[in-house]
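These are my notebook entries on a two-part inspection: the cysteines and charged pairs, then the contact between chains.

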Amino acid sequence: MRILFFKSNKFMQSDITELLLNSGHHLDTITYVFQDYSKDDFFADKLEKRLKRISYDIVFSLNFYPIISDVCYQLGILYVSWIYDSPAPTFFRFARSTNRIFLFDKSEYMKYKAKGHSNIFYLPLASNTERIERTFGPLLSSPEYLYNISFLGVLYDKFNLSVQNLTDSQYDLGILKGYAAAQTQFQNLDLLKPLIQESGFLFEEDSYEALMTDLLLEATSQERHQILYLLSNHFSIDLFSTENTRSGRYPIQYHGAADYENEMPFIFRQSRINLNITLRTIKTAIPLRIFDIFACGGFLITNPQKELMDFFEPEVDFIPYTSHEDLIEKCSYYLAHEKECFSMAQSAYQKVKEAHTLSIRLKQLFEKL
Amino acid sequence: MNLLFTTQKLYNEPDMIDTFEKLGHSVFIYEQQKQNNRDCSDLTETLLHLQHTNSISFVFSLRFSSIVSNACHETGIPYVCWCTVVSPELYQRSVLYDTNYLFFYDSMIFSSLIQLGITHGYYLPLAAAERPAPMTPNDYTCDINFVGSLYTVWPGIGKLSKLSPVTLGYLDGILQAQEMIYGYPFLQNLITPAILEELSSCIPFDKKYELKSPEVFYTEDYLYKILNRNERIHILQKLTALREEKRILLYAPEKILPDKINIENSGTLISRNDLLAIYRQSHITLNITNRTLYNGIPQKVFDAMAEGSLVFSNYQQDMDLFFENEKDYICYEDNEDLLEKANYYLSHPEICQKIIANAHKKIDQEHLYRNRIGELMKQLPFSR
């Protein structure tokens, strides 16, 4: 196929373009950074001219851009988007017959399917095992460990703008942080919605989603700190993150952010335990991190993310924790049982190689077109 | 067996002494005076004397006492305590002595004390005292009663106001969330190191709690009390809607009722008999469990069932062990649900009567003091 690939995101972008080229597709790229996702005449014009000048079979992007969707619709060209953010903030104005939208979150997909959208599909994420194997070679033997327990991820320490817009009052801000804190105690129950509805906070309809997102990010922040703090009382913890703010108050080894392609794979492989605490805005989907950990031969302990159970088996491929106490016990146990850890890492690695490589995923995507 | 019953002027002591005697045991009484809790010398002397003369098998009380625990530890006589009344002394080191045989009526507190390391711990729910006369149909003079404190006045309630606005907001936020959730107390999990630091600067940690963590101290002694207040006020505000058509009896110690509770407050009850009479006269007895009783079945439930009143209660996990919702009592899920169900059951007296009769039968057969003391004696390794 002749593909015009829209470049704007970081993760998976270069992996995907590389794989598409290797599969024999003709690939051109167009790069842009949107300020306003809703209206941008300059870009719309630029894209239209490009698409009229050269004939493409599809336009492809990671995440969804309404303006691309509009232009493609006008010109009758298929627009393929693979959404891997939850929630997808730019996912609006998407009901066009030329769109082929792939969602990585099954519960989101089911929601749209129930509404009758036949152009929306479910496509979980995947990892580029080909690139990873170029880095290390295949996973043969138990690696040399540099770290005990690693956590790689953003801590979301800044309580976001939409909340600051809602209220000036420190007390009100405190209440919202309290709501987020309470939500950390529950995996499947949504406490935020009833709390906000009964709270008496005034906000506009269209800022409700943004408020919920911010509360979930705050819940994620608190949860990650809670867990790292608790674990740091028992074990040595290595944190790879853009921030070290509140975590500066408790004893962990802080390393700064890790580069996705050049550093992250080594961290995953060289940690005895890789911890995943899923971003709270991702309801059921498997985050990219988990596929990457498996693809790098890492051993995973994670919150029990629902869709994981569709493809992987607890205690065979990874270990889920059910509470903070449970997490501490499991970390203690598995730090002392390296063989079991490696056996699970191998099992997950095999499964990813067989069914969850980016190569396989892209094939699945093209089959739906 | 011979036992020394140490009394602390508790409501259930006379009936319990009676029960032991009816079961064939000989009860010696020791009245505890209020003392410095390290000085157990008088009791120790008494025990040594009794050991020689009457061969006491164990000492018994209905509330955990450090003095008794210390005396028993010194003399090697077992201290059997059915902890029917909350005592802060439960969190002192003397609770860990291996001469203690401790019975708890809350399954969560029971397991947390086991984890703390007590040697002989058992679960034993509360019960009703035996009624001499068989139950006859009640003469109901009121539709719903609520007897209890609204927690609007207690020492320390003002201390939290010294906290920063953002922390006050945070605590209010988590309290609002906990109010919606029954069966899973999580406030203690949300006291971060930063919040703990701020709390400690306003309210010094009470050192008498040798075995309580600071997080648990601040949540149990302050936050859950505020939650009790909020919850009870919200429920009574809701029930005010029934005031026109239904007779509601409220017995709360508060001199001034909070806003929007337009129910007449009859004040505090004088005696336990008065209390039981209130249950007897009420179609419905409302139970709103103290939030620091995490799973346990409160005394009120057994008493009201025994007196022939329909029990309305929030969800308490231990209830599931013995009673069935809608068969023996009514469990309400939130305030709306409480109001709806109150209206429904008050309009269907025949259904009420069935449930009341079921509950009463169960109490009579399985939930009297003699059932519990029998169970307790069976569990004690030295009573065989």
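Is B:Cys352 buried or exposed? I find B:Cys352 buried, because its relative accessibility is 1%; buried means under 20% relative accessible area, exposed over 50%, and partly exposed in between (1.4 Å probe, protein chains only).

Conventions. I note that this is a predicted model, in which local features need pLDDT of at least 70, side-chain atom pairs count only at pLDDT 80 or more, and totals for chains, interfaces and linings use all residues. Residues are numbered from 1 along each chain as its sequence is written, chains are lettered from A and ligands numbered from 1 in the order in which they are written, and side-chain values use heavy atoms, with hydrogens and water left out.

Entry 1, cysteines. I searched all chains for disulfides (a pair of cysteine sulfur atoms within 2.5 Å) and recorded zero. B:Cys352 is accordingly in no disulfide, and the nearest cysteine sulfur, that of B:Cys142, lies 12 Å away. I also looked up B:Cys202, which counts as buried because its relative accessibility is 14%.

Entry 2, salt bridges. I define a salt bridge as a side-chain nitrogen of Lys or Arg within 4 Å of a carboxyl oxygen of Asp or Glu. The search of the whole structure returned 27 over all chains.

In chain A, I examined A:Lys106 and A:Asp310, whose side chains form a salt bridge at 2.8 Å, N to O. This pair links distant parts of the chain, 204 residues apart: A:Lys106 lies in helix H4 (residues 106-114) and A:Asp310 in helix H12 (residues 308-311) of chain A. Helices (H or I, at least four residues) and strands (E, at least two) are DSSP runs, numbered from the N terminus. A:Lys106 is partly exposed at 29% relative accessible area, and A:Asp310 is partly exposed at 40%.

In chain B, I examined B:Arg370 and B:Glu130, joined by a salt bridge of 3.3 Å, N to O. The two are 240 residues apart, with B:Arg370 in helix H13 (residues 369-379) and B:Glu130 in the loop between strand E6 (121-123) and strand E7 (142-147) of chain B. B:Arg370 is partly exposed at 36% relative accessibility, as is B:Glu130 at 42%.

I then turned to the salt bridge between B:Asp328 and B:Lys362, at 2.7 Å, N to O. B:Asp328 sits in the loop between helix H10 (319-322) and strand E11 (330-331), and B:Lys362 in helix H12 (residues 349-366) of chain B, 34 residues apart. B:Asp328 is buried at 3% relative accessible area, whereas B:Lys362 is partly exposed at 21%.

Entry 3, the interface. How many residues does each chain bring to the contact? I recorded 19 from chain B and 21 from chain A, where contact means heavy atoms within 4.5 Å. The buried area is about 1600 Å², with carbon and sulfur atoms giving 72% of it; this is the accessible area (1.4 Å probe) that two parts lose on being put together, summed over both. In chain B, the residues that lose the most area to chain A are B:Val166, B:Tyr170 and B:Met180, together 28% of what that side buries. I found zero salt bridges across this interface. Helix H5 (165-180) and helix H6 (193-202) of chain B each supply at least two residues of the side that touches chain A. H5(B) gives the largest share of that side, 11 residues.
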